[in-house]
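Please read the report below with the structure open beside it. It goes through a few places in turn, and each term is explained where it comes up.

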Amino acid sequence: MPFLGKDWRSPGWSWTKTEHGWKRIFLYGHELENNNREIDLKVLCTDNNEHLFVGDVCELNSHTKMCACVFYTQRHVYSTLGEALNRLDFSTAIQDLRRFNYVAKLFQLIARSQLTSLSGAAQKNYFNILEQIVRKVLDDYYNPRLVKDLLQDLSLTLHNLTIHVGRCVLVGNVNIWLCRLETIHKWKQQVNNLQIPKQTCSGMTFNDLPLHMQNKVLSELSDAYDIINVGQAMPALHCLSEDWILWKKLCHFHFSDKQFCRNLVLSNSDKVDWKLMYFTLKKHYPMKEQYGDTLHFCKNCNILFWKDRPLALCFKDCGHPCTADDPESCLVPISPQHFIDLFKF
């Protein structure tokens with residue numbers, strides 16, 4: 001079971017045992033507001049604090065003389081999808097274009113089958129983040145097709161839960177869910193009516209690139225609908241989007257040779273129609289998922305976290321305080337479906 005924390009540098013809150021029970025220790029709260037007051041380190045180092053580790057004493061600034069670095073030695077284990085959803089910072093992740101598609105796909109999978117497994121707080125957090133996703137699409141025009149599919153699946157799920165399955169499976173008042181369903185229909189209408197304005201650019205455009213460079217750009221796209229949309233943008237690009245070599249590469253990227261043999265599609269001239277082959281294989285087999293950035297799981301520490309790539313490149317940091325000799329070898333990228341499977345019993 002993965003460990004989840006508010007910050008990967010902090011294993012958890014710090015607690016001390018008192019005669020009235022366990023009390024949480026605040027090191028950066030009201031105790032530090034009074035600059036003339038020192039923290040009593042003896043309180044942190046008593047014999048009763050058997051679950052605390054007191055690290056090196058460090059100087060914070062000229063006003064606050066001493067502070068003890070205290071960490072809780074036992075990791076908290078979160079066993080539900082809702083707890084993971086609340087702990088991991090998805091609100092910030094959707095602002096990163098590398099992670100936006102990952103979060104949207106994860107939310108789509110939750111909408112299809114895991115919505116009722118979330119607690120009330122997790123459901124509230126889910127819809128708050130979903131509102132931010134929709135707002136980003138409306139403001140930045142980023143990947144509206146993916147969000148359309150997400151809202152469509154969520155709308156079908158909520159309609160099925162509120163009308164057909166029954167209200168007993170819903171957490172909270174049914175009127176709240178009906179209000180959420182109405183809000184989703186409003187979001188769907190806003191996304192469907194979204195009009196991307198024509199951009200005025202005085203510099204070089206995609207159409208100004210040489211033909212082989214345009215073809216190279218299209219060959220890097222892993223989504224067939226992106227290729228089709230590029231071909232519909234202007235007549236000059238339509239021929240490039242219909243190139244059989246482009247569709248052949250796309251088929252080999254998503255599917256195996258064994259799958260080709262079982263679903264071979266020939267044209268009238270007895271040649272393989274690779275575009276039709278792609279959509280035929282898509283109906284029978286899952287496609288390879290590709291994301292700019294994903295959540296990572298450390299097999300050594302059992303920690304689930306976002307990997308800060310700029311930080312990793314600059315400081316050779318694996319993304320969390322791993323104790324393994326080779327931290328990079330312990331990291332496993334987690335797909336959205338794998339993320340959900342981690343919390344299934």
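Tyr141 sits in the loop that joins α5 to α6 (144-165), where the helices are DSSP runs (H or I, at least four residues) numbered from the N terminus. This is a predicted model, in which local features need pLDDT of at least 70 and side-chain atom pairs count only at pLDDT 80 or more, while totals for chains, interfaces and linings use all residues. Residues are numbered from 1 along each chain as its sequence is written, and side-chain values use heavy atoms, with hydrogens and water left out.

Asn143 also lies in the loop between α5 and α6. The table sets out the phi value and the relative accessible area of Tyr141 and Asn143; partly exposed means in between buried (under 20% relative accessible area) and exposed (over 50%), with a 1.4 Å probe and protein chains only.

| Residue | Phi | Relative accessible area |
|---|---|---|
| Tyr141 | near 60° | 32%, partly exposed |
| Asn143 | about 50° | 22%, partly exposed |

For Tyr141 the phi value is positive although the residue is not a glycine, and Asn143, which is not a glycine either, has a positive phi as well.

Helix α5 (residues 120-140) also takes part in a helix pair, since the axes of α4 (residues 97-114) and α5 come within 11 Å and cross at roughly 130°. Axes here are lines fitted to C-alpha atoms, for helices over the stretch in contact, and angles run from 0 to 180 degrees between N-to-C directions. The two helices, α4 and α5, are therefore oblique to each other, a word for angles that are not under 35 degrees (roughly parallel), over 145 (roughly antiparallel) or 65 to 115 (roughly perpendicular). Among the residues that make the contact (heavy atoms within 4.5 Å) are Phe100 and Phe107 of α4 and Tyr126 and Lys136 of α5.

The largest nonpolar core has 48 residues, and those with the most contacts inside it are Phe90, Tyr126, Leu154, Leu295 and Phe339; such a core is a set of buried Ala, Val, Leu, Ile, Met, Phe, Trp, Tyr and Cys residues joined through side-chain atoms within 4.5 Å. Helix α5 gives the most to this core, with nine residues.

Ser241, in helix α10 (residues 235-241), is buried, with a relative accessible area of 3%. Its C-alpha atom is separated by 5.2 Å from that of Gly231, 10 residues apart along the chain. Leaving aside neighbours within four places in sequence, Ser241 is in contact with Leu218, Ile227, Gly231, Leu246 and Trp247.
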